[in-house]
Amino acid sequence: MFEMVDLKRAVERFAREGHVFYPDQAEGIGEVTVLCMGEEKVYVPCTTTQFRRKLSREFFKDERLLRDFAYETLGKRKHPPFVLHESLVLVPFWYPCFDNPAHRTLYACLSSIRLYATHEEQRLSCIVMFKDRHTITLPYSIGTVKQQMRCAEHLLMKYKLKGRASY
């Protein structure tokens, strides 16, 4: 079992050294979000959607505007990447483990992803490796993961260009 931390402290820490957060269930608590930060994993007693919203507020970003920017840039409405900062781009992946729709998405930090490869035993699964040796298995083909990564990189590039043009 991992350490349980409060939401405010977890958001501040994830903004500095977070790699990935994803949904899970804990006995006696219910829905929790697992955060991989630094070399450790911790639990936060909330859904992944609640954690993402809190993280967006930490960077003073409006999620609706982030979604609109992603749609205008990518033409993609479902699971758009979120650019919170140049060093913190959240790449979403559907993580079909639970019935609650607010608790079915894994978010990976683009800058923390080191490698992604096809799972050896399951051809339609992909392993994503992060900094500090964290790994996650996703129910996606390698092509789908590559496409989501390219979308996030393209959105980050547009975000940087838009920021420079405003000065």
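Start by selecting His85 in this predicted model: across from His85 sits Leu88, a residue of strand E6. Now widen the selection to residues 82–85 and 88–94, which are strands E5 and E6. The two strands pair in the antiparallel sense, with 3 bridges between them. What joins E5 to E6? Trace the backbone from one to the other and you'll go round a hairpin of 2 residues.

Next stop, another set of strands. Select 113–118 for strand E8, 126–130 for strand E9 and 135–138 for strand E10. Together they make an open sheet of 3 strands, ordered E8-E9-E10 and paired antiparallel. Which strands are at the edges? Those are E8 and E10, each of which pairs on one side only. Turn the view to look across the strands: the twist from one strand to the next averages 20 degrees.

Stay with the sheet and zoom in on E8 and E9. These two run antiparallel and are joined by 5 bridges. To see one pair of bridge partners, pick Thr118 and look over to Cys126 in E9. If you switch on side chains here, keep in mind that in a regular strand they alternate between the two faces of the sheet.

Time for some helices. Select residues 7–17 for helix H1 and 48–58 for helix H2. How far apart are their axes, and at what angle do they pack? The axes are 10 Å apart, and the angle is about 65 degrees. The crossing of H1 and H2 is right-handed.

Now show the side chains where the helices meet. On the H1 side, pick Leu7, Ala10, Val11, Glu12, Phe14 and Ala15. On the H2 side, pick Phe51, Lys54, Leu55 and Glu58. Colour them by class and you get 7 nonpolar and 3 charged residues, with no polar ones in the contact of H1 with H2.

Finally, zoom out to the whole protein chain. A cartoon view gives you 4 helices and 10 strands. Walking from the N terminus, the elements come in the order β-α-β-β-β-α-α-β-β-β-β-β-β-α. The radius of gyration is 16 Å, close to the 15 Å that the globule rule gives for 167 residues, so the chain is as compact as a globular protein of that length. Its C-alpha trace spans about 50 × 40 × 30 Å along the principal axes.

Two more things to try on the full chain. Colour by burial, and buried residues come to 43% of the 167. Then draw the contacts between residues at least 6 apart in sequence: 52% of them join residues at least 24 apart.

Technical notes
Residues are numbered from 1 along each chain as its sequence is written. This is a predicted model: local features need pLDDT of at least 70, side-chain atom pairs count only at pLDDT 80 or more; totals for chains, interfaces and linings use all residues. Side-chain values use heavy atoms; hydrogens and water are left out. Two strands pair if DSSP finds at least two bridges between them. Axes are lines fitted to C-alpha atoms, for helices over the stretch in contact, and angles run from 0 to 180 degrees between N-to-C directions. A crossing is left-handed if the near helix is turned anticlockwise from the far one by less than a right angle, and right-handed if clockwise. Contact means heavy atoms within 4.5 Å. Ala, Val, Leu, Ile, Met, Phe, Trp, Tyr, Cys and Pro count as nonpolar, Asp, Glu, Lys and Arg as charged, and the others, Gly among them, as polar. The radius of gyration is taken over C-alpha atoms; the globule rule is 2.2 Å times the number of residues to the power 0.38. Buried means under 20% relative accessible area, exposed over 50%, partly exposed in between (1.4 Å probe, protein chains only).
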